[in-house]
Amino acid sequence: MSLALFDGALAVVTGAGGGFGRATALALAERGAAVVAADIDLAAAERTVVLAKSLGAVGAAYRVDVADADAMEEFAAAVRADHRVPDIVVNNAGIAVLGPLLDTGVDDWERILGVNLWGVIHGSRLFAKQMVERVEALPNKPDKPNYGGHIVNIASAAAFAPTRTLPAYCTTKAAVLMLSECLRAELAGHRIGVTAVCPGFAKTGIARNGTYVGLDEAGQERQRARAERGLRLRNYPPEKVAERIVHAIVKNKAVVPVNTEAHVLHALSRVAPSALRAIARIPAPLG
Ligand SMILES: NC(=O)c1ccc[n+]([C@@H]2O[C@H](COP(=O)([O-])OP(=O)(O)OC[C@H]3O[C@@H](n4cnc5c(N)ncnc54)[C@H](O)[C@@H]3O)[C@@H](O)[C@H]2O)c1
């Protein structure tokens, strides 16, 4: 794919301090985009910007907690004031809460809903508003379906497949998938594209940063180590997910499963949902 593909574009990526977010920011930077890297961990976002600059891109780092409505309002306003309306927004920041529903407390639900769902809602509505305003002010709108901008929301293969191991995580990701489908329908008339990206397991920091409910600290640590080992063994690099994200923007894809298990789960959810219900009873590898 051409390295000048996004020359002149401005891309905002949340959770850009590591994992898919960093890989996506760099894939976009490599293709000419200026990158706004946002993360709750400012130092990590700054490291991403240093890497983007080493690829010849322009970049800026921001600290933002995507779950915080006021902070996201300020962040979106700052992006517009300091740069301009973005062309690409990747709502990527996310966390994992693992373990049975009956052990998942209200605090756990609020934390994961805040980051995984509200974070995507805030990023989608605030930047979509800016994109709509910009495109509607143009005298002529070229026919390209995402001429006005593109929003990518990172869901997960967990959006297709129920499992006893990840009830809270699956719930947030299914919601992100539906949110993205609805938004895509709403924004199509404004020539703004929306994609839900649904990766399977990949080697990032998500397992290390996860919360394992219903366990004491020692049990959590054991599960964390086990989940990290699982992702290491699966060995699917975040850079491959980033390449699929780039492709999805170029092709204006609606839903993009990434890697083998994501494709299998997506297909099963359509043709054999009862098989998925049976699989849901088996503890998933991450647990
Ligand atoms: N790794 C996988 O196997 C996998 C599979 C499917 C989907 N996903 C999704 O991909 C996305 C990225 O996850 P990852 O695997 O790269 O994880 P990661 O833990 O490596 O990276 C997540 C990044 O988000 C940041 N972050 C966390 N909470 C935040 C908040 N409140 N505000 C702003 N930034 C915050 C972290 O600091 C970190 O830099 C998530 O939405 C995750 O659910 C991951």
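In this predicted model, 28 residues surround the ligand, and D39, D65, N92, Y169 and T204 come nearest among them. By residue type, the shell around the ligand divides into 14 nonpolar, 11 polar and three charged residues. Polar contacts to oxygen atoms of the ligand come from side chain and backbone alike. An N or O atom in the side chain of T204 is 2.5 Å from an oxygen atom of the ligand. A polar backbone atom of A202 is 2.9 Å from a ligand oxygen, and a distance of 2.9 Å also separates a ligand oxygen from a polar backbone atom of G205. The ligand taken alone exposes 830 Å², of which the protein buries 93%. Two elements give two or more residues to the shell around the ligand, namely helix 1, which covers residues 19–30, and helix 5, which covers residues 167–187.

The structure holds 10 salt bridges. One of them joins R31 to E243, with the closest N and O atoms 2.7 Å apart. R31 lies in the loop between helix 1 and strand 2 (34–39), whereas E243 belongs to helix 7 (residues 238–251), so this salt bridge ties together parts that are 212 residues apart in sequence. The two partners can also be described by their accessibility. R31 has a relative accessibility of 5% and counts as buried, because the limit for a buried residue is under 20%. E243, with a relative accessible area of 35%, is partly exposed.

A further salt bridge is found within helix 6. There the side chains of R224 and E221 meet at an N to O distance of 2.8 Å. R224 and E221 are three residues apart in helix 6 (residues 217–234), which means that about one helical turn separates them. R224 is buried, its relative accessible area being 13%, while E221 counts as partly exposed at 40% relative accessibility.

E136 and K141 form another salt bridge, in which the closest N and O atoms are 3.5 Å apart. In this pair E136 is partly exposed at 37% relative accessibility, and K141 is partly exposed at 32%. Salt bridges also link R84, D87 and R134 in a network.

Helix 6 also contains L231. At a relative accessibility of 4%, L231 counts as buried. The C-alpha atoms of L231 and A207 are 7.8 Å apart in space, and the two residues are 24 residues apart in sequence.

Strand 1, made up of residues 10–14, is mostly covered, and five of its five residues are buried. The cover extends to both faces of strand 1: L10, V12 and T14 are buried on one side, and A11 and V13 are buried on the other. Strand 1 pairs with strand 2 in the parallel sense, over five bridges. Within this pairing, V13 has A37 of strand 2 as its bridge partner.

Two asparagine residues are notable for their backbone angles. Most residues other than glycine have a negative phi. N235, which is not a glycine, has a positive phi near 55°. N235 is placed in the loop between helix 6 and helix 7, and its relative accessible area of 45% makes the residue partly exposed. N259 is likewise not a glycine and has a positive phi of about 85°. The position of N259 is in the loop between strand 9 (255–258) and helix 8 (260–271). With a relative accessible area of 7%, N259 is buried, whereas N235 is partly exposed.

How values were computed. Residues numbered from 1 in each chain as written. Predicted model: local features only at pLDDT ≥ 70, side-chain atom pairs only at ≥ 80, totals over all residues. Heavy atoms only, no water. Near = heavy atom within 4 Å. Polar contact = N/O pair within 3.5 Å; in protein donor to acceptor, adjacent residues only side chain to side chain. Areas by Shrake-Rupley, 256 points an atom, 1.4 Å probe, with all protein chains shown as cover. Helix = DSSP H or I, 4+ residues; strand = E, 2+ residues; numbered from the N terminus. Nonpolar A, V, L, I, M, F, W, Y, C, P; charged D, E, K, R; others polar. Salt bridge = Lys/Arg side-chain N within 4 Å of Asp/Glu carboxyl O. Buried < 20%, exposed > 50% of the residue type's maximum accessible area, 1.4 Å probe, protein only. Pairing = 2+ DSSP bridges.
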